[in-house]
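Here is a walk through one structure, with a few helices, some loop residues and a ligand site along the way. Have the coordinates open and follow along.

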Amino acid sequence: MSDEFLLQMQDVSKTFPGVRALAGVNLEVRPGTVHALMGENGAGKSTLMKILIGMYQADPGATIILGGEKVDIPDTAAGLGLGISMIHQELSPVPEMTVAENIFLGREPVARFGLVSRKQMVSSCRELFQRWEIDIDPRARMRTLSIAQTQMVEIAKAISFDSRIIIMDEPTSAITEREVEHLHRMIRQLKSTGASIIYITHKMDEVFNISDYVTVFRDGQLVKTLPASELDRDKLITLMVGRELTEMFPKEFVEIGEVVLSVRNLHRGSVVKDVSFDLRRGEILGFAGLMGAGRTEVLETLFGVVAAESGEIVVDGKSVRIRQPKDAIDAGLALLTEDRKLTGIMGVLSVRDNMIMAALPRYSPGGMLQKALIEDACQDQRKALALKTPSLNQHIQNLSGGNQQKVLISRWLLTLPEILMIDEPTRGIDVGAKSEIHRLMSALAKTGKAIIMVSSEMPEVLGMSDRVVVMHDGKVSGIVDRADATQERIMQLATGPAGVTGPADAA
Ligand SMILES: Nc1ncnc2c1ncn2[C@@H]1O[C@H](COP(=O)(O)OP(=O)(O)OP(=O)(O)O)[C@@H](O)[C@H]1O
Ligand SMILES: [Mg+2]
């Protein structure tokens with residue numbers, strides 16, 4: 001009977017101080033399947049998986065049955081030994097190590113005299129990459145890799161253990177369409193060897209694309225497990241949110257005003273080439289393109305993270321020099337970066353402090369901290385973004401991945417910038433909160449603010465932008481009006497002139 005399932009987790013509960021993360025969960029996974037876990041931010045998905053790999057211990061009373069046998073998983077070494085590996089939601093590479101060292105960390109091949117064989121490590125790594133068609137140099141230092149490449153290394157590492165169960169916690173949050181397709185091909189291949197993949201994602205399309213079964217979590221409880229074939233988008237959203245979500249992209253009609261930002265011939269090394277565009281009050285300007293097209297670099301240059309080499313930036317009719325972020329902030333710009341987890345979070349500070357940080361000058365006139373106003377402002381944000389935290393005093397590092405992101409979005413919304421630049425605004429955010437963030441963007445635009453939104457999610461670009469700037473190879477390859485913006489048109493521009501696209505991705 002039980003060999004129907006590769007894995008059974010029974011009666012799993014987990015309590016953190018002040019938080020019931022999981023309550024009596026029963027999860028069953030069949031061999032050779034892709035099993036998606038979905039649910040709102042903070043629903044308990046990552047916690048359940050951390051219990052499975054032995055990183056956390058469940059509250060007493062839980063049972064884990066693997067291949068028909070009851071097992072104990074006291075630590076991650078035990079988990080790995082049982083054939084369970086995981087790609088974590090938070091990337092954790094050692095920056096000074098090489099790619100190969102990172103992959104074989106703790107299990108380095110040994111040559112004669114017990115020495116680590118570097119040569120062997122590099123060649124094993126090269127073999128692994130060849131087999132999975134990954135184009136990264138095993139000898140490169142981790143810190144020289146892009147976020148997307150780092151993610152590919154983590155993926156390669158997780159599958160290199162020949163595990164029976166491979167857990168992927170939002171593996172595609174940092175990679176673009178082409179790499180997503182690559183990963184999905186890898187998953188199909190793994191599946192055919194009998195391994196099961198537990199796949200956590202907030203992206204609907206992916207779920208329907210690759211999963212065989214879907215389990216929905218809400219508030220620490222398992223709501224339902226269903227074959228993917230019995231689900232559709234609306235049904236899934238209703239299960240996750242517990243109500244029907246009427247509007248996926250609440251874009252409001254806003255009167256577009258005068259030009260507030262004018263960028264002319266912006267240039268920076270080989271990453272930003274001759275970029276020009278205008279941004280108007282009330283406008284949401286989407287930036288589309290493939291990974292490495294230069295979208296993030298344009299934002300960084302406008303914000304003074306790295307100064308431009310040439311070109312002109314005009315804000316409200318005045319030419320401004322932006323050499324450092326302070327110049328940008330003074331000019332009324334705010335930037336919410338894409339790698340929020342790496343740069344934005346002050347882990348040991350409270351949710352409140354993390355939220356108010358950037359807006360502090362406004363809330364402390366004459367050096368007097370206006371505590372009551374701060375409390376109101378933070379509580380408003382907490383409500384608006386449906387932030388899941390026991391209190392504003394909680395350390396932000398104890399929040400789920402998606403909820404940490406919501407706090408950082410609040411941080412910049414509270415500064416009330418004239419021009420808000422957001423890189424991947426809803427990456428890793430659940431559907432309900434996603435539409436709340438879109439609603440907030442619309443509301444900001446309505447008050448005359450201007451928004452630049454870099455996004456790799458086509459539905460988001462098409463749903464929220466008044467115009468779409470498409471980039472390819474550091475250059476603007478086209479600017480498309482909302483009325484003419486289709487997925488085909490944008491992909492055409494994003495892949496550049498014919499014949500200049502990357503290596504063919506034959507399935
Ligand atoms: N180490 C911890 N200490 C305290 N609370 C924690 C800890 N880890 C998780 N939690 C809490 O447990 C709950 C479940 O979190 P979990 O990370 O499992 O959510 P999730 O479903 O993975 O969400 P997301 O989609 O945002 O990643 C949340 O309320 C979170 O704040
Ligand atoms: Mg999580």
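First, a cut-off to keep in mind: a residue counts as buried if 20 or more other C-beta atoms lie within 10 Å of its own, and as exposed if 12 or fewer do. What we're looking at is a predicted model. The mean pLDDT of the chain is 88, with 95% of the residues at 70 or more. Residues 499–507 fall below 50, and that stretch has 6 contacts in the model beyond near neighbours in sequence.

**Helix 13 and its surroundings**

Helix 13 runs over residues 371–384. From first to last C-alpha its 14 residues reach 20 Å, close to the 20 Å expected at 1.5 Å a residue. Which residues of helix 13 are buried? They are I374, A377, C378, Q381 and R382. These sit on the same side of helix 13 because they cover an arc of only 140° around the axis. Turn to the face pointing away from that buried side and you find the exposed residues A372, D376 and K383.

So what does the buried side of helix 13 pack against? Its buried residues pack against helix 12 (351–356) and helix 14 (401–413). A377 belongs to helix 13 and has 20 other C-beta atoms within 10 Å, so this residue is buried. Along the chain A377 is 43 residues from A334, and their C-alpha atoms are separated by 18 Å. After helix 13 comes A386, with a positive phi near 50°.

Over in helix 12, take a look at N354. N354 counts as buried because it has 24 C-beta neighbours inside 10 Å. Leaving out residues up to four places away in sequence, N354 touches I345, M346, L349, I396, V407 and R411. G269, by contrast, is 85 residues from N354 along the chain, and the two C-alpha atoms are separated by 34 Å.

**Around the ligand**

Helix 14 turns up again at ligand 1: along with strand 2 (19–29) and helix 1 (45–52), it gives two or more residues to the shell. In total, 19 residues surround ligand 1, and the closest are N41, S46, T47, S400 and G402. How does that shell split by class? There are 12 polar, 5 nonpolar and 2 charged residues.

**Two more helices**

Helix 6 covers residues 177–192, 16 residues in all. At 1.5 Å a residue those should span 22 Å, so the 23 Å between the end C-alpha atoms agrees. Buried in helix 6 are E179, L183, M186 and I187. Seen down the axis, the buried residues of helix 6 fall within an arc of 105°, so they line one face of the helix. The elements covering them include strand 3 (34–39), helix 5, strand 8 (196–200) and helix 7 (204–210). Just after helix 6, G194 takes a positive phi of about 95°.

Helix 9 (residues 295–303) is mostly covered, with 9 of its 9 residues buried. The list is R295, T296, E297, V298, L299, E300, T301, L302 and F303. Following helix 9 is G304, with a positive phi near 80°.

**Loops worth a look**

Most residues other than glycine have a negative phi. Against that background, here are two loop residues with a positive one.

| Residue | Phi | Loop | C-beta atoms within 10 Å |
|---|---|---|---|
| D162 | near 50° | helix 5 (147–159) to strand 7 (165–169) | 11 others, exposed |
| E424 | near 50° | strand 17 (419–423) to helix 15 (431–446) | 23 others, buried |

Is E424 buried or exposed? E424 is buried, since 23 other C-beta atoms lie within 10 Å. D162, on the other hand, is exposed, because 11 other C-beta atoms lie within that 10 Å.

One last loop residue is E255, found between helix 8 (233–241) and strand 11 (259–268). Why does E255 count as exposed? E255 has 10 other C-beta atoms within 10 Å, and the cut-off for exposed is 12 or fewer. In sequence E255 is 28 residues from E283, and in space the two are 8.3 Å apart, C-alpha to C-alpha.

Technical notes. Residues are numbered from 1 along each chain as its sequence is written. Chains are lettered from A and ligands numbered from 1 in the order in which they are written. This is a predicted model: local features need pLDDT of at least 70, side-chain atom pairs count only at pLDDT 80 or more; totals for chains, interfaces and linings use all residues. pLDDT is the predictor's confidence in each residue, from 0 to 100. Two residues are in contact if their C-beta atoms, placed from the backbone, lie within 7 Å. Helices (H or I, at least four residues) and strands (E, at least two) are DSSP runs, numbered from the N terminus. The expected span of a helix is 1.5 Å times one less than its number of residues. The arc is that of the directions from the helix axis to the C-beta atoms. A residue is near a molecule or strand if its C-beta atom, placed from the backbone, lies within 6 Å of it. Ala, Val, Leu, Ile, Met, Phe, Trp, Tyr, Cys and Pro count as nonpolar, Asp, Glu, Lys and Arg as charged, and the others, Gly among them, as polar.
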